[in-house]
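Grab your viewer and work through these exercises one at a time. Each task is followed by a solution in steps.

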Amino acid sequence: MNRIICDICGSEYPETEERCPVCNYPRQGTEKLVAAESEVVQSKVKGGRFSSKNVKKRQKAQRKAAQSQGEGNPNKPLIIVIILLLVAILLVSVYIGMRFLHGRGALPSLRPSQTTASTPAPTESTAPPTVPCQGLVMEANVLDLETLGEQKQITVTAVPGDTTDVLTFVSADPAVAEVDENGLITAMGSGQTTITITCGDVVKTCTVVCWFQPETTAPVTTVPPTTSSNSTSLRPGPKLKAHFIDVGQADSILLECEGSYALVDAGYPQSGKIVVDYLKELGVARLDLVVGTHPHGDHIGGLPKVLKEFKADNIWSGPITYYNNTVYDFLNAAKAQNEEVQYVKPGTTFQLGGATIEVLGPVKDNYEDINDLSLVLMVTYGNIKYLLTGDMESVAEKDLVNSGADLKADLLKVGHHGSYSSSSYVFLREVMPTYGVIMCGRNNDYGHPHDAALGRLQNADVSIYRVDQMGTVIATTDGRGIFLSWAFRDAKPWTPAA
Ligand SMILES: [Zn+2]
Ligand SMILES: [Zn+2]
C-alpha cells in the first residue's frame with residue numbers, strides 16, 4: 001500500500017485515508033508519495049511546509065516523529081556503550097582523587113608526618129586513622145615548686161584517647177622552669193612561668209610557681225649591710241627599719257621600730273612561709289599591725305599563713321569590692337584570731353614605736369581597678385618618710401595628688417611592681433623620693449619593672465633598688481638619714497650619678 005505525507009503536519013499515512021490520522025486535516029491533493037524511509041526522515045526534519053497556524057499540531061507531530069526516530073535509531077547500542085565508558089572513566093578519576101587526598105598507596109601524602117626521618121613510614125594496612133584532638137584534661141593548672149631542681153609532672157590527657165595528635169610542652173621562661181617532651185617540669189629559678197601544652201589545634205596552659213627562697217637570699221641577720229648609696233652614717237640608738245622582703249613577684253614589707261612590728265602584705269600563699277621564716281629569724285613574737293593593702297593574691301595571699309603563726313593586734317584592709325577564696329582565707333584567718341578587720345580610711349594613724357603610720361589613700365572606694373583601691377601608707381620617723389603604695393596606679397595617683405595630701409617622701413615603694421601604669425610624673429613630682437624600691441620577681445611574666453616606669457623614675461633622679469636584682473632590701477633610718485642594705489652582695493642599685 002502506498003503511503004503519503006500529510007501537507008499539514010508531515011505525518012505519514014496510507015493513501016486510502018481521506019484525513020490525516022494525526023492532525024485530522026483533510027487531504028489537500030498535493031501530498032507526496034513516500035519513496036524511501038530515509039527521505040521521509042529528512043522531510044520530517046526539515047518540516048519546511050508547516051503553516052504557522054498549526055504550530056501546536058506541528059510540535060506534537062514533531063515529538064512523535066522524534067520518538068519514532070529514536071526507537072528506530074540503529075546507533076542506540078553504540079551511544080549506550082559510550083555513556084557507560086564515560087561513567088567508568090569518571091568513577092576511576094574519583095577513586096584516584098580520593099587515594100591522593102588520603103595519602104595512601106604509592107601516591108604522595110599531603111599530611112605532615114609526625115615521625116622523624118629515620119622512622120619508617122607506616123604501611124598502608126597499619127596506618128592508624130587520624131583522630132583530631134578535641135580537648136585536654138589536666139589534673140591541675142597551677143603547680144608549685146619549693147626547691148631549686150625540684151621536679152613535677154604535668155598530668156594531662158588528650159581527648160579522645162586514640163588521637164594521633166602529639167602532645168608538646170613549651171615553657172615560656174626556662175630560667176624559672178624547664179619542661180621536657182613528656183611534661184616533666186624542673187624548677188630552675190624563683191618566679192612564675194607558663195607551660196603551653198599543645199595537641200593538634202587544642203592549646204592549654206599550666207602556671208608554674210617557683211616561690212622558693214633563693215640560696216643567695218639569706219636571712220637578713222646573717223647578711224651584713226654591704227653598700228649604701230647614702231653616705232649618711234646613722235646615729236646609734238633607736239631606728240625604723242623597712243624590710244622589703246624578697247617574695248618574688250609580690251609585695252611583703254616588714255616595718256620594725258623600737259621593738260614594734262607592722263607587716264604590710266605577705267606575697268602569695270606560697271610566699272607565706274618565706275615571710276614566717278623571715279619574721280622568726282628576726283625574733284618577732286607578735287605583730288602590732290598587719291595590713292592587707294588590696295585583695296590581690298600577691299599581697300594578701302600569704303597573710304593567712306602569717307596570721308596562723310603570729311598574733312596580730314590590729315588588722316587593716318583597704319576596701320574590698322569583690323570576694324574570692326584568697327579574700328575569704330584572709331578574712332577567716334583574721335576571724336580565727338578574734339580580730340575584726342578594720343577598713344581604714346585616709347586620716348587613720350597608727351603609732352609603731354616612735355614611727356607614725358598614716359593612711360593617705362585610697363581617696364575613693366569605688367575604683368574599677370582593684371589596684372587603685374590599694375591602701376597608701378606614709379610612715380614617718382623623725383624627719384624621714386617612707387611612702388608605701390601597694391599596687392596603686394596612675395588613676396588613683398592623680399586623685400591622691402588632687403586630694404592635697406602631703407606626699408613628699410624620702411623613699412617610695414614603687415607602685416605595682418614597677419608597672420608602666422604606675423609612677424606617673426604628676427605623682428613623682430609631688431613625692432620627689434630619693435630612693436625607690438621596686439618589688440618584683442626575677443624574670444617575671446609581666447616584664448616588671450617596665451621601661452616606661454624606670455625611665456620616669458630615672459628622670460626624677462630616683463635611685464632604684466630592685467628586689468629582683470638585689471634580693472631583700474632594708475632601709476634603715478635614725479630619723480635623719482637613710483642607710484640601705486641588701487642581700488645580693490654583687491648587685492648594685494641604679495643611681496642618678498651612674
Ligand atoms: Zn601586686
Ligand atoms: Zn594588685
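## Exercise 1: two odd phi angles

Task: is Asp265 buried or exposed, going by its C-beta neighbours?

Solution. Step one, count: Asp265 has 32 C-beta neighbours inside 10 Å, so it goes down as buried. The cut-offs behind that word are these: buried takes 20 or more other C-beta atoms within 10 Å of the residue's own, exposed takes 12 or fewer, partly exposed is in between, and C-beta atoms are placed from the backbone. Step two, locate: Asp265 sits in the loop between strand E15 (260-264) and H4. Helices (H or I, at least four residues) and strands (E, at least two) are DSSP runs, numbered from the N terminus. Step three, check the backbone: Asp265 is not a glycine, yet its phi is positive, about 65°.

Now try His417. Its phi is positive too, about 60°, and it is not a glycine. His417 belongs to the loop between strand E25 (411-413) and H9, and it is buried, with 23 other C-beta atoms within 10 Å.

## Exercise 2: how far to trust the model

Task: what pLDDT does the protein chain average?

Solution. Start with the ground rules: this is a predicted model, in which local features need pLDDT of at least 70 and side-chain atom pairs count only at pLDDT 80 or more, while totals for chains, interfaces and linings use all residues. Residues are numbered from 1 along each chain as its sequence is written, with chains lettered from A and ligands numbered from 1 in the order in which they are written. The chain averages a pLDDT (the predictor's confidence in each residue, from 0 to 100) of 82, and 78% of the residues score at least 70. Next, look for the weak spots. Residues 36-58 have pLDDT below 50, and this stretch makes 22 contacts in the model beyond near neighbours in sequence. Here a contact means that two C-beta atoms, placed from the backbone, lie within 7 Å. Residues 64-72 also stay under 50, with 2 contacts beyond four places in sequence.

## Exercise 3: walk across a sheet

Task: in what order do the 7 strands of the open sheet come?

Solution. Read it off as E21-E22-E23-E24-E25-E26-E27, with mixed pairing. Two strands pair if DSSP finds at least two bridges between them. The edges are E21 and strand E27 (463-466): each has a single partner strand, so one side of each is left without a neighbour in the sheet.

Now go pair by pair:

- E21 (residues 349-352) and E22 run antiparallel, joined by 4 bridges. Leu352 has Ala355 as its bridge partner in E22. The two strands make a hairpin with 2 residues between them, and Gly353 in the turn has a positive phi of about 60°.
- E22 and E23 (residues 376-381) are antiparallel over 5 bridges, with Thr356 opposite Thr380 in E23.
- E23 and E24 are antiparallel as well, joined by 5 bridges; Leu377 is paired with Leu388 in E24.

Last step: why is E22 (residues 355-361) described as largely enclosed by the rest of the structure? Because 5 of its 7 residues are buried.

## Exercise 4: the inward side of a helix

Task: which residues of helix H8 (residues 394-402) are buried, and what do they pack against?

Solution. The buried ones are Ala396, Glu397 and Leu400. They cover an arc of only 105° around the axis, which puts them on the same side of H8; the arc is that of the directions from the helix axis to the C-beta atoms. Their packing partners are E22, E23 and helix H9 (425-431). After H8 comes Gly404, with a positive phi near 85°.

## Exercise 5: find the cores

Task: how many residues does the largest nonpolar core have?

Solution. It has 83, and Leu255, Ala262 and Val473 have the most contacts inside it. E23 gives the most to this core, with 5 residues. Another core, of 15 residues, lies apart from it, and includes Ile154, Ile195, Cys199 and Val209. A nonpolar core is a set of buried Ala, Val, Leu, Ile, Met, Phe, Trp, Tyr and Cys residues joined through C-beta atoms within 7 Å.
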